[in-house]
Amino acid sequence: AWAAANPEKAALLESRNAPISATDLLAKIPTFPADAKLATRAAGRDVLQPIAAAVPLFVSGSADLYGSTLNYIAADKDFDKSNRAGRNIRFGIREHAMAAINNGIAYDGIFRTSCATFLVFADYSRPSMRLAALAKLPVTYIYTHDSIGVGEDGPTHQPVETVSGLRVIPNLDVIRPADPEEAAGAFAAALERNDGPTLLALTRQNLPNLNDIPVQARREGVLKGAYIAVKETTELTHILLASGSELQLAVAAAKQIGAGARVVSVPSFERFNRQSAEYRESVLPKAVRKRVAVEAGVTGLWYQYVGLDGKVVGIDRFGMSAPGPIVFKELGITTEAVVAAAKSL
């Protein structure tokens, strides 16, 4: 009787049971201009708006950082005691409680929920994130300021170990997109997943649109966790792997190494490891052992892809306080370092 009297509300309620297609979402997200130079947190802001329109039961919240995490649903207002229909939740500076509340919303099953803070503060929300992974709750964490690119905020705010620390939580997908188009794929992947949580690790610093890689390849490659970003044009000799902001370094390094270099973007270890053995072999053929990975973080987990014969350009120490580009240079996360590592193999 209620449904008959309230058909629009009934349809909205019923939509909670409809599967979300990443392909359909991506079709609703406009592509970015070729000359776009955006932080992936800013790209996320632009991607979030058509997603919120397509998924009306999607809600977004922040731990007092909307101005930095940029995950505000612009077409809506705040959820508060006077506006229960608001889709933006201001959690305050309480990251553990924020993530716990998201678990409660996800358990209830009507809304698709997300929350945001700086990535380094994932340590505060980790117990609730671990529980979401254990309970297979489809929560999305939009965590920004993902590396030493944070710059002047210094080593306290530069999450050099945090991404790897989250990657080891079973059933938590961690996605670190490399440019605006990969960011679109990352959001679509997170919303499509219904059997566990997803964390999006987004940059503070601006990144170029990687136009050497087709838009469709960047968007859809994220869904598989890793993909061939730049294919060799002669016999394959080297494989360069990277995630996030460091993919641009691998692309530039490949041009110096030569036509036998392949670049593989690895935005999500977890999604890639779920792919078929045939797909993984097509991206990372076992016969090619000259491999270099680059990421502005701790190096240990990358050896599953480069092997004991390969090298990882990373940071097994805390960061430093200086403008982001200077920190990258001082800590050796550069194109030159990737080229030197590859030539040493």
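Colleague: In which sense do β10 and β11 pair, and over how many bridges?

Modeller: Strand β10, residues 238-242, runs parallel to its partner β11, residues 261-265, and 5 bridges join the pair. Do keep in mind that this is a predicted model.

Colleague: Thanks! Which residue of β11 is the bridge partner of His 238?

Modeller: That is Ala 261. Further along, Leu 241 has Val 264 as its bridge partner in β11.

Colleague: What does β11 do on its side towards β9, parallel or antiparallel?

Modeller: With β9 the pairing is antiparallel, over 3 bridges. Val 264 appears here too, since Ile 228 stands opposite this residue of β11.

Colleague: How do these strands fit into the sheet, and what is the strand order?

Modeller: The sheet is open and has 5 strands, in the order β9-β11-β10-β12-β13, and the pairing is mixed. At the edges are β9 (227-230) and β13 (311-313), each paired on one side only. From one strand to the next, the twist averages 30°.

Colleague: Is β11 mostly covered or mostly open?

Modeller: Mostly covered: 5 of its 5 residues are buried. Ala 261, Val 263 and Ser 265 point one way, while Arg 262 and Val 264 point the other way, and all are buried.

Colleague: Let's turn to helices. What describes two packed helices?

Modeller: The general idea is to give the angle between the two axes and the distance between those axes. Here, α6 (residues 95-108) packs with α7 (residues 122-135) at about 20°, and their axes are 6 Å apart. Angles under 35 degrees count as roughly parallel, so α6 is roughly parallel to α7.

Colleague: What is the handedness of the crossing of α6 and α7?

Modeller: The crossing is left-handed.

Colleague: And which residues of α6 and α7 meet?

Modeller: From α6 come Glu 95, His 96, Ala 99, Ala 100, Asn 103 and Tyr 107. In α7 they meet Tyr 124, Ser 125, Pro 127, Ser 128, Leu 131, Ala 132 and Ala 135. By class, this contact has 8 nonpolar, 4 polar and 1 charged residues.

Colleague: Let me try a single residue. Where is Ser 164 placed, and why does Ser 164 count as buried?

Modeller: Ser 164 lies in helix α8, residues 162-167. Buried means under 20% relative accessible area, and Ser 164 counts as buried because its relative accessibility is 8%.

Colleague: What is Ser 164 in contact with, leaving aside its neighbours within four places in sequence?

Modeller: Ser 164 is then in contact with Val 298 and Leu 301.

Definitions and conventions:
Residues are numbered from 1 along each chain as its sequence is written. This is a predicted model: local features need pLDDT of at least 70, side-chain atom pairs count only at pLDDT 80 or more; totals for chains, interfaces and linings use all residues. Side-chain values use heavy atoms; hydrogens and water are left out. Axes are lines fitted to C-alpha atoms, for helices over the stretch in contact, and angles run from 0 to 180 degrees between N-to-C directions. Helices (H or I, at least four residues) and strands (E, at least two) are DSSP runs, numbered from the N terminus. Angles under 35 degrees count as roughly parallel, over 145 as roughly antiparallel, 65 to 115 as roughly perpendicular and the rest as oblique. A crossing is left-handed if the near helix is turned anticlockwise from the far one by less than a right angle, and right-handed if clockwise. Contact means heavy atoms within 4.5 Å. Ala, Val, Leu, Ile, Met, Phe, Trp, Tyr, Cys and Pro count as nonpolar, Asp, Glu, Lys and Arg as charged, and the others, Gly among them, as polar. Two strands pair if DSSP finds at least two bridges between them. Buried means under 20% relative accessible area, exposed over 50%, partly exposed in between (1.4 Å probe, protein chains only).
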